[in-house]
Amino acid sequence: MKWNVGCGTTVSVTANAATISGLDQAHSYYFAVSAYNSAGESPLSNRVSIPELQAPATSITYPANNGNVSGTVAITASASDNVRVTRVEFYVNGLLRGTDTSTPYTYSWNTASQAAGSYTLTTRAYDAAGNVGQSANVVVTNLRDTT
């Protein structure tokens, strides 16, 4: 059997399985089932939850791509989610360097101890359902001002 339950969602049921399609990934869903036979209806099953699957969006707002940096740099990021961002992680050349749990999302990077040259900055934003979004890379040049 197949039922259209609205909003583009379809439930297909066979003797011992159900397939649900057309769910919006930006929402969480909860399901419980019961069965019918000539004796009546069974008790409801345990509730199954399906968390929302929409990843947060994040981007580095400072410094600019292809920019120059020196000294201590406040790397800043924006992050948004359909529910709530729980943290933003800051990466330099793929290595985790800092985490911030509230806006404005920032990490102070001391470039004086780093060699002069190019560095790739990225951020990852997490939401309460465990979804992860990653920023585009921002490449900066450390001028290594040690004064």
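## Burial and overall make-up

Buried residues account for 27% of the 147 residues in this protein, which is shown here as a predicted model. If you look for helices, you will find zero, while the strands number 16.

Contacts across the sequence are a good next stop. Among contacts with a separation of 6 or more, 51% join residues 24 or more positions apart. On the outside, the protein exposes about 9,100 Å², and carbon and sulfur atoms supply 51% of that area.

## The largest nonpolar core

Let's move inside. The largest nonpolar core has 17 residues, and the members that touch the most others are Ile75, Val88, Phe90, Tyr105, Trp109, Leu121 and Val140. At least two core residues come from each of these strands: E10 (72-80), E11 (85-92), E13 (105-110), E14 (117-127) and E16 (138-142). The top contributor is E11, which gives four residues.

Ile75 is a handy place to start exploring. Leaving aside residues up to four places away in sequence, Ile75 touches Ile60, Tyr62, Pro63, Phe90, Tyr105, Thr106, Tyr107, Trp109 and Leu121. Several of these partners, including Phe90, Tyr105, Trp109 and Leu121, are also on the list of core members that touch the most others.

## Aromatic pairs

The structure holds two aromatic pairs. One of them joins Trp109 and Tyr119 in an edge-to-face arrangement, with 5.4 Å from centre to centre and 70° between the planes. This pair links distant parts of the chain, as Trp109 belongs to strand E13 and Tyr119 to strand E14, 10 residues apart. Both Trp109 and Tyr119 are buried.

## Charges over rings

Two arginines are worth a look for their placement over tyrosine rings. Arg87 lies over the face of Tyr126, 3.7 Å from the ring centre. Arg124 has its charged end over the ring of Tyr91, at 4.4 Å from the centre of that ring.

## The salt bridge

Arg87 comes up again here. A search of the whole structure turns up one salt bridge, and in it the side chains of Arg87 and Glu89 meet at 3.3 Å, N to O.

How do the two partners compare in burial, buried or partly exposed? Glu89 counts as buried because its relative accessibility is 8%, under the 20% limit. Arg87 has a relative accessibility of 29%, so Arg87 counts as partly exposed. Arg87 thus has two roles in this picture: the residue lies over the face of Tyr126, and its side chain meets that of Glu89 in the salt bridge.

Key:
Residues are numbered from 1 along each chain as its sequence is written. This is a predicted model: local features need pLDDT of at least 70, side-chain atom pairs count only at pLDDT 80 or more; totals for chains, interfaces and linings use all residues. Side-chain values use heavy atoms; hydrogens and water are left out. Buried means under 20% relative accessible area, exposed over 50%, partly exposed in between (1.4 Å probe, protein chains only). Contact means heavy atoms within 4.5 Å. Accessible areas come from the Shrake-Rupley method with a 1.4 Å probe; for residues, only the protein chains shown count as cover. A nonpolar core is a set of buried Ala, Val, Leu, Ile, Met, Phe, Trp, Tyr and Cys residues joined through side-chain atoms within 4.5 Å. Rings of Phe, Tyr and Trp (its six-membered ring) pair if their centres lie within 6.5 Å; planes under 30 degrees apart count as stacked, over 60 as edge-to-face and the rest as tilted. A charge sits over a ring if NZ of Lys or CZ of Arg is within 6 Å of the ring centre and within 35 degrees of the ring normal. A salt bridge is a side-chain nitrogen of Lys or Arg within 4 Å of a carboxyl oxygen of Asp or Glu.
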